[in-house]
Amino acid sequence: MDRIILHMDMDSFYASVEQRENPGLTGLAVVVGSDPKKGKGRGVVSTCSYEARNFGIHSGMPISRAYRLCQDAVFLPVNMSLYQEVSCRIMEILRSYADKFQQVSVDEAFLDISDRVQDYKEAVQLAEQIKSMIMYKEKLTCSIGIAPVKSVAKIASDFNKPDGLTVVEPDKVVGFLEPLKVRKLSGIGRKNEKILTGMGINTLGQLACFDENKLIEIFGKWGSEMHSLSLGQDESEVEESSKIRSISREHTFEEDTDDPVILIKTLDMIAEKVCRSLVHKGYSFGTVSVKVRLEDFTTFTRAKTLGFSSQDRDIIKRVSKELSSEFFYGRKIRLLGIRLSNLNKSKMIQTTFDYFLITT
Ligand code: TTP
Ligand code: MG
């Protein structure tokens, strides 16, 4: 029997939460990012409201560029503990609507609703209920895609944002995918897109018509997978994400260095990245490890267990410096890395000065 899969993704998530918290921001161009300093900081845009998107601002853009595009925008720092708390509540709402549930990121989840509804008409009603419930409880909008497989449901939720609801019934899947750019397929990033367009493949329809063996020659196993996905064939199940054991990031220097300023700056940068990934995946950590590889490739690791669970990037920065500083003098370093382990899925309660983590 055909499955019915629902994918939900919140609209301009961090920015919408900020607008909800401060109704004075409704209808304004709001940019949320690290180090915003009223548009003059050196950080990047995490996300922005749809009003700000009209000016060409988007995630990943330097804050300074966003400021040049729209000087009237309101620039806000990332209040991750708040978004995480809202995310936890939204995920609880979603969980109650499906037997099989899979949270994919802080604002996105799959639900297998095959056992809850008889057909696509009922699926639409269920999606409308979910949207109303999220609006009622959290005063936020989301977009939903419904399709027989996960990859198509995900594309569908993005199809008519914000506040969208897009349904792709089984007999419409091939026609729906056909005109879309290859980049719409999750897994095809900028690099693969460039290779594909170089081969004359711009759309998923063109990818579907392309010789699968040639794709395998170029991309290996992934070539065969992307070919199936372009035809809307995706067997993957909705399942609770298997528990991740650790999250790590590394940096190899272009030139080996013993400059403590560069080393500390790099460690901070790695800490930012690894923390972002941790929070995005909805985890807290109990242990920080560092990896230091010297110019002769000897590699050292050091670890510290906190005794509590945290998502605090300053703790990652402080502990990783503490653990690696013994290597920062006299010897040239080739690579630095940070690993967070002892991970827990976490719910957060915010207090005035700090937040506590409740492990679920
Ligand atoms: P997305 O769902 O990709 O974006 P969004 O919810 O802001 O907007 P959309 O309506 O297009 O879905 O990401 C969810 C949150 O993750 C987003 O609000 C902020 C964060 N994020 C980053 O911090 N950096 C990034 O580069 C991206 C893409 C998202
Ligand atoms: Mg989103």
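Trainee: What arrangement do the six donor atoms around the magnesium ion (ligand 2) make, and how should I read it from the angles?

Mentor: As a general idea, six octahedral donors ideally stand at 90 or 180 degrees to one another as seen from the metal. In this structure, which is a predicted model, the six donor atoms around the magnesium ion (ligand 2) subtend angles of 78 to 180°, and therefore the arrangement is octahedral. The assignment requires opposite donors to be over 155 degrees apart and all other angles to lie between 65 and 115.

Trainee: Which residues coordinate the magnesium ion (ligand 2), and at what distances?

Mentor: The protein contributes an OD atom of D9, the O atom of M10 and an OD atom of D107, with coordination distances of 2.0 to 2.3 Å. Read along the chain, the donors of this ion have the spacing D-M-x96-D. Because D9 belongs to strand 1 (residues 5-10) while D107 sits in the loop between strand 5 (100-105) and strand 6 (108-112), the pair ties together parts that are 98 residues apart in sequence.

Trainee: Are D9 and D107 buried or exposed?

Mentor: For this reading, the cut-off for a buried residue is a relative accessible area under 20%. D9 has a relative accessible area of 14% and is therefore buried, and D107, at 11% relative accessibility, also counts as buried.

Trainee: Which residues come nearest to ligand 1?

Mentor: A shell can be read by its members, by their character and by the elements that supply them. Of the 14 residues around ligand 1, the nearest are D9, S12, T47, Y50 and R53; D9 is also one of the residues that coordinate the magnesium ion (ligand 2). By character, the shell comprises four nonpolar, five polar and five charged residues. At least two residues of this shell come from each of strand 1, helix 1 (13-21), strand 3 (45-48) and helix 2 (50-53).

Trainee: Where do polar backbone atoms lie 2.8 Å and 3.1 Å from an oxygen atom of ligand 1?

Mentor: The distance of 2.8 Å is found at S12, between a polar backbone atom and an oxygen atom of ligand 1, and the distance of 3.1 Å is found at Y14, again between a polar backbone atom and an oxygen atom of the ligand. At S46, a backbone N or O atom lies 3.4 Å from a nitrogen atom of ligand 1. Taken alone, ligand 1 exposes 560 Å², of which the protein buries 74%.

Trainee: Which residue other than glycine has a positive phi near 55°, and where is its place in the chain?

Mentor: The residue is K139, whose phi is near 55°, and its place is in the loop between helix 5 (120-138) and strand 7 (142-147). K139 has a relative accessible area of 51% and is therefore exposed. K37, which is not a glycine either, has a positive phi of about 35°; this residue is found in the loop between strand 2 (30-33) and strand 3, and with a relative accessible area of 56% K37 is exposed.

Trainee: Which two residues does a cis peptide bond join?

Mentor: The cis peptide bond joins K161 and P162, with omega about -10°, and P162 lies in the loop between helix 6 (150-157) and strand 8 (165-167). In helix 6 one also finds S157, which is buried, with a relative accessible area of 2%. S157 and V167 are ten residues apart in sequence, and their C-alpha atoms are 8.7 Å apart in space.

How values were computed
Residues are numbered from 1 along each chain as its sequence is written. Chains are lettered from A and ligands numbered from 1 in the order in which they are written. This is a predicted model: local features need pLDDT of at least 70, side-chain atom pairs count only at pLDDT 80 or more; totals for chains, interfaces and linings use all residues. Side-chain values use heavy atoms; hydrogens and water are left out. Donors are N, O and S atoms within 2.8 Å of the metal (3.2 Å for Na, K and Ca); water is not among the atoms, so sites may look incomplete. Four donors count as tetrahedral if all angles lie between 85 and 135 degrees; four count as square planar and six as octahedral if opposite donors are over 155 degrees apart and all others between 65 and 115; anything else is irregular. Helices (H or I, at least four residues) and strands (E, at least two) are DSSP runs, numbered from the N terminus. Buried means under 20% relative accessible area, exposed over 50%, partly exposed in between (1.4 Å probe, protein chains only). A residue is near a molecule or strand if one of its heavy atoms lies within 4 Å of it. A polar contact is a pair of N or O atoms within 3.5 Å; within protein, one must be able to donate a hydrogen and the other to accept it, and residues adjacent in sequence count only if both atoms are side-chain atoms. Accessible areas come from the Shrake-Rupley method with a 1.4 Å probe; for residues, only the protein chains shown count as cover. Ala, Val, Leu, Ile, Met, Phe, Trp, Tyr, Cys and Pro count as nonpolar, Asp, Glu, Lys and Arg as charged, and the others, Gly among them, as polar.
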